[in-house]
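Subject: Handing over the structure

Dear colleague,

I am passing on the structure that we spoke about, and below it you will find an account of what came out of it. Please keep it open while you read.

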Amino acid sequence: MEYLFWILIAVIIYTYFGYALLIPLIGLFVKRPLDRRDITPRVTFLITAYNEEKNIRKKLTEVLALDYPREQLEVMVASDGSTDRTDDIVGEFRGQGVVLKRVEGRVGKTTTQNEAVKAATGDVIIFSDATTVYEKDAIRKLVRNYNDPEVGAVSGRYEYVNPTGAPVGTGSILFWKYENFIKSMQTRIRTISGCCGCIYSVRKAAYVPLPGDIISDLVEPLMVIQRGYRVVFEQEAVAYEETTEKSHEEFRMRIRVITRAMRGILYARGLLNPFRFPFVAFQLLSHKVLRWLIPFFLIGLLVANAFLLDKQFYVMTFALQAAFYLLALIGFGADRVGKKFKPAAVPLYFCIVNTASLIAFFKTLAGQKMVTWETVRK
């Protein structure tokens, strides 16, 4: 049990900290520069929407004001069978060149994107949600990377804002700062292995249609890598989104996202072959697969620790674990009654994500598919 305890400690530390330290260390010795120059290719700005009447007018107004040549920009809204006024509001912008692509049948985000890309006229497709706010120069910053012929997809930088100060929102912000750091280091070496869903782009020629139950911002970049391209992170292309305010909202969203991501890795499992794709396989195993298995490691750690309580040191480690989970539970309870308990921000978010991973694992094992989505962030 003592050996098991320390092995599990080592794996958990590697997953959250060791990998994040190892990537920049590799980057000191392996650097893959990018040929970034200002270019203005034909771009399709694709907004996938389902019942977004509250947000779509503001979103289109903001997109049309972005700093990019209007004659080179196609703005398209792909409506996944919306039943509210989303399509009517998009129609109000027809005179400004906004295109509505309606997909009937409530087929889900990925299938809706597949259909929209077929109709798109841009050489580069930028994918966005209806609630995401782009920096004014974000399109220019994204597309300059396509001057490099090796580049097949580009992810922008995702920044969360937390106007209410909700603890779960604080956890989201810290998590994405961590993710953005890792992506910047991966790009320096060669390629990232997943994009930020609300601000990423793909060469239309490199786009691969995906099954409806697959999460596109993870698997589309992997398909682009399989086709021999590089996927990079553009630090200066920034998009903002408000965090969720309630832990149960974040929890439901994480279950859906992680379940689709797990199915996505199974779909792209050829990239886990270290002999064909050594760097990508290393990234996926370290940064995705191990992270999804963390809840099993945490349970194993607690159980192993319980068998070692005859030694004072392990009494202390057990107490620390119990205190951490108790803090998360207090944070969850406070959130349920509308209170903010900021000391619980990190433990609460950590437990939400790992509990969601546990449930997603069993959903994936059972063959459950999660195709459609509901808007969570307002």
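Helices and strands are named here as DSSP runs, a helix having at least four residues and a strand at least two, and they are numbered from the N terminus. With that naming, the place of Asn-51 can be given as the loop between β1 (43–49) and α2 (56–64). Please bear in mind throughout that this is a predicted model.

As for the chain as a whole, there are eleven helices and eight strands in it. A compact globule of 378 residues would have a radius of gyration near 21 Å, and the chain agrees with this because its own value is 21 Å. Taken along the principal axes, the box that the C-alpha atoms fill is roughly 75 × 50 × 35 Å. Of the 378 residues, 54% are buried, and among contacts with a separation of 6 or more, 80% are made by residues 24 or more positions apart. The accessible surface is about 16700 Å², and carbon and sulfur atoms account for 62% of that surface. Charged side chains number 49 positive and 37 negative, with the centres of the two sets 3 Å apart.

The eight strands form an open sheet with mixed pairing, and their order is β3-β2-β1-β4-β7-β6-β8-β5. Its edges are β3 (98–103) and β5 (133–134), each of which has a single partner strand, so one side of each lacks a neighbour in the sheet. Strand β4, residues 124–128, is mostly covered, with five of its five residues buried. This cover extends to both faces, since Val-124, Ile-126 and Ser-128 are buried on one side and Ile-125 and Phe-127 on the other. On the β1 side, β4 runs parallel to its partner and is joined to β1 by five bridges, one of the pairs being Leu-46 with Phe-127 in β4. Towards β7, in contrast, β4 runs antiparallel, with four bridges between the two strands, and there the bridge partner of Phe-127 is Tyr-200 in β7. Phe-127 therefore appears as a bridge partner towards β1 and towards β7. Elsewhere in the sheet, β6 and β8 run parallel and are joined by nine bridges, and Tyr-158 has Ala-239 in β8 as its bridge partner.

Helix α7 deserves a separate look. Ten of the eleven residues in this helix, which covers residues 216–226, are buried, so the helix is largely enclosed by the rest of the structure. Those buried residues include the charged Asp-217 and Glu-220, along with Leu-218, Leu-222 and Ile-225. The buried residues of α7 pack against three strands and three helices, namely β6 (151–161), β7, β8 (230–242), α4 (109–119), α8 (247–267) and α9 (278–306). After α7 comes Gly-228, which has a positive phi near 95°.

Ser-193, for its part, lies in the loop between α6 (167–189) and β7 (200–203). Is this residue, Ser-193, buried or exposed? Ser-193 counts as buried because its relative accessible area is 3%, which is under the 20% limit. Leaving aside residues up to four places away in sequence, Ser-193 touches Gln-186, Leu-218, Leu-222, Ile-225, Gln-283 and Leu-284. Three of these partners, Leu-218, Leu-222 and Ile-225, are among the buried residues of α7.

Two residues other than glycine have a positive phi and may be worth inspecting in the viewer. Asn-51, in the loop already mentioned, has a phi of about 50°, and at 26% relative accessibility it counts as partly exposed. Arg-106, in the loop between β3 and α4, has a phi near 50° and is likewise partly exposed, with a relative accessible area of 21%.

Finally, Phe-307 is found in the loop between α9 and α10 (312–336), and with a relative accessible area of 56% it is exposed. Although Phe-307 and Glu-2 are 305 residues apart in sequence, their C-alpha atoms are 8.6 Å apart in space.

With kind regards

Key
Residues numbered from 1 in each chain as written. Predicted model: local features only at pLDDT ≥ 70, side-chain atom pairs only at ≥ 80, totals over all residues. Heavy atoms only, no water. Buried < 20%, exposed > 50% of the residue type's maximum accessible area, 1.4 Å probe, protein only. Contact = heavy atoms within 4.5 Å. Rg over C-alpha atoms; globule rule 2.2 N^0.38 Å. Areas by Shrake-Rupley, 256 points an atom, 1.4 Å probe, with all protein chains shown as cover. Charge placed at Lys NZ, Arg CZ, Asp CG, Glu CD. Pairing = 2+ DSSP bridges.
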